[in-house]
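Hi,

Here is the structure I said I'd pass along. Have a look, and my notes follow below.

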Amino acid sequence: MNWYEKLNQYFPIQEMKSREHMETLLNEKASIYKKDEGPNHVLMYVETEDFIFIDYLFVSGNSRGQGLGKKLIQMLQDKQKPILLEVEPASDEDQDSQKRLRFYKRAGFIHASSISYRRRSLATNKINGMEILYWSSSPVNESEIFEDMKVVYKEIHTHKDLQFYGKEYQPSEEVLKLQKSGDEEDILEAVN
C-alpha cells in the first residue's frame, strides 16, 4: 500500500486532500511541504523558518503503542520551532479521536482555545470543525499561532483548490477566527 492509500484509509474524507493536491504540494512547495515515510508510518508536514505544521501523521495499527509516533513527534520537537496541528474534536462515538487527542496531550501539545476553525468540506459539503493544538519549547501567544494557521490555510490547504476540486474553499477570514478576551495579550506557555 502506498503512502496516499495509508492516509486515505485512516483519515475521514472531509479531512483528506486529493492525491493530486498532495503530490503538487510536494513538487511545487517542496521547500516547505515534506513527506517522511517508512513501512509503518507516513508524516506529512510543513516546515517554515518560524513554525512546523503537521498535516497528517499515520502510524500503522500493528506499530501503535511501540513509540513510533512519539519518535516522529520528538524529531519535529528537536527542531525547536512551534508545532501546530488540526485535530478533530474528541467524541464518545469515535474512540480514535479520543486516542489521538490523548497522544498529542502526552506529547505536550496544548489546545489553542482562542482559535476557532470551521471549514466546509468540498467532499461532503458539511461544516467540519477542528481543534488547533500547538507545542512550543518557549512562550508563545495564541495570536501568533493564529497567524501561522492562516499561512497554512492559504498556502497549503487551499493551494489550487479550484483546479483540484472544481470549487474553492472559503476565505481564511470565514474559516479561522481568533476569539479576543481581556487576557488576549497574556503569554501562553507550552513547555516541553
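**Cores first**

The largest nonpolar core in this predicted model has 35 residues, and those with the most contacts inside it are Leu7, Met22, Tyr33 and Met44. Quite a few elements give two or more residues to this core: helix 1 (3-10), helix 2 (19-28) and helix 5 (142-157), plus strand 2 (41-47), strand 3 (52-59), strand 6 (115-120), strand 7 (127-135) and strand 8 (176-178). Helix 5 gives the most, with six residues. There's also a second, separate core of 18 residues, which includes Leu76, Ile83, Leu85 and Phe109.

Back to Tyr33 for a moment. Leaving aside neighbours within four places in sequence, Tyr33 is in contact with Met22, Leu25, Leu26, Met44, Tyr45, Val46, Asp55, Tyr56 and Ile156.

**Two other spots**

Gly38 belongs to strand 1 (residues 33-38). Gly38 counts as buried because its relative accessibility is 17%, and the cut-off is under 20%. From Gly38 to Val59 is 21 residues in sequence and 9.5 Å in space, C-alpha to C-alpha.

Then there's Glu15, in the loop between helix 1 and helix 2. Which side chain of opposite charge is nearest to Glu15? That's Arg100, 5.7 Å away; Glu15 is buried yet has no salt bridge, the limit for one being 4 Å. Not counting residues up to four places away in sequence, Glu15 touches Tyr56, Glu88, Asn128 and Met130. Tyr56 also turns up in the contact list of Tyr33.

Cheers

Key
Residues are numbered from 1 along each chain as its sequence is written. This is a predicted model: local features need pLDDT of at least 70, side-chain atom pairs count only at pLDDT 80 or more; totals for chains, interfaces and linings use all residues. Side-chain values use heavy atoms; hydrogens and water are left out. Helices (H or I, at least four residues) and strands (E, at least two) are DSSP runs, numbered from the N terminus. Buried means under 20% relative accessible area, exposed over 50%, partly exposed in between (1.4 Å probe, protein chains only). A nonpolar core is a set of buried Ala, Val, Leu, Ile, Met, Phe, Trp, Tyr and Cys residues joined through side-chain atoms within 4.5 Å. Contact means heavy atoms within 4.5 Å. Lys and Arg count as positive and Asp and Glu as negative; His and the chain ends are not counted.
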